[in-house]
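Work through two short exercises on the structure below. Try each task before reading its solution.

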Amino acid sequence: VHPTTCFFFVPGLSERYRSGGLMVTQAVAKLVSQIGNFKSQLVATHEVHKDSWTPEKVFENAGENDIFVVTWGPLVAEHIKLIRHYRPRARILYYAQSFGWNVRVPRGIPIACVSRFVMSQCALYAPENFCTYIPPPLSPHFKMKDSPRDIDILVHTRKQNNYCLKQLLPALQAQNYKIQVLDSWLEQDQLAALPEDETAEDRN
């Protein structure tokens with residue numbers, strides 16, 4: 001039996017496109033490739049990268065039963081249009097990682113959502129589309145331990161406003177909470193190792 005390939009469309013894989021959304025997409029693609037009779041392939045539409053295929057290569061090699069996954073919010077409509085131009089009957093899946101970007105998915109395209117909130121919004125604005133809940137895969141490096149926790153509060157500066165960083169964070173630090181502040185991207189295995197590698201005080 002010919003394996004089914006899931007093609008994950010993203011703009012690129014270089015540092016320019018590095019984001020939480022890309023990291024989730026890569027993690028999902030890796031997980032899919034571990035399922036029997038399935039393969040996965042990343043497809044970059046806005047750059048040439050050694051770890052991805054170009055759309056031209058995909059459309060030349062894709063089989064009838066292969067699946068095209070679109071997920072990059074601002075480019076969802078563009079990617080769907082591109083796929084349907086070359087493969088009018090393509091099996092397309094929208095993996096919704098957030099709600100916004102004014103995405104309107106054509107009827108008939110199923111939507112897999114990373115959270116129940118996103119699923120509720122997609123169900124509200126696209127009631128004719130099948131919706132399901134598929135959260136991002138969690139690295140096996142995360143484990144429950146019987147020891148006291150090393151971090152009480154984890155803060156990523158990229159996701160915070162001035163109030164959180166300038167007022168709330170100092171107030172919490174004054175209460176002797178063990179706080180970890182991150183200002184850069186970390187892979188899941190690196191994030192899971194933080195309490196073991198160093199203390200919150202070392203990071204601050």
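**Exercise 1: the largest pocket**

Task: find which element gives the largest share of the lining of the largest pocket, then describe that lining.

Solution. Helix H1 gives the largest share, ten residues. The model is a predicted one. Next, take the whole lining: 41 residues. Nearest the pocket's centre lie Ser19, Gly20, Met23, Val24 and Gln188. Now list the elements that give two or more residues: helix H1 (20-32), strand E7 (153-156) and helix H6 (188-197). Then sort the lining by residue type: 22 nonpolar, 14 polar and five charged. Last, the volume: about 1,300 Å³.

**Exercise 2: an aromatic pair**

Task: classify the ring pair of phenylalanine 7 and tryptophan 53, and place both residues in the chain.

Solution. Start with the search of the whole structure, which finds eight aromatic pairs. For this pair, the ring centres are 5.9 Å apart and the planes are at 40°. Stacked needs under 30 degrees and edge-to-face needs over 60, so the rest count as tilted. The pair is therefore tilted.

Now place the residues. Phenylalanine 7 sits in strand E1 (residues 4-10). Tryptophan 53 sits in the loop between strand E2 (38-44) and helix H2 (55-61). They are 46 residues apart, so the pair links distant parts of the chain.

Check accessibility. Buried means under 20%. Phenylalanine 7, at 2%, is therefore buried. Tryptophan 53, at 24%, counts as partly exposed.

Finally, widen the view. Phe7 and Trp53 belong to one aromatic cluster with Phe9, Phe59, Phe68 and Tyr86.

Conventions:
Residues numbered from 1 in each chain as written. Predicted model: local features only at pLDDT ≥ 70, side-chain atom pairs only at ≥ 80, totals over all residues. Heavy atoms only, no water. Phe/Tyr/Trp six-rings, centres within 6.5 Å; stacked < 30°, edge-to-face > 60°. Helix = DSSP H or I, 4+ residues; strand = E, 2+ residues; numbered from the N terminus. Buried < 20%, exposed > 50% of the residue type's maximum accessible area, 1.4 Å probe, protein only. 1 Å grid on protein atoms, 1.4 Å probe; cavity = no way out; pocket = protein on both sides within 12 Å on 5 of 7 lines; lining within 4 Å. Points joined across faces, edges and corners; volume = space filled by probe spheres on them. Nonpolar A, V, L, I, M, F, W, Y, C, P; charged D, E, K, R; others polar.
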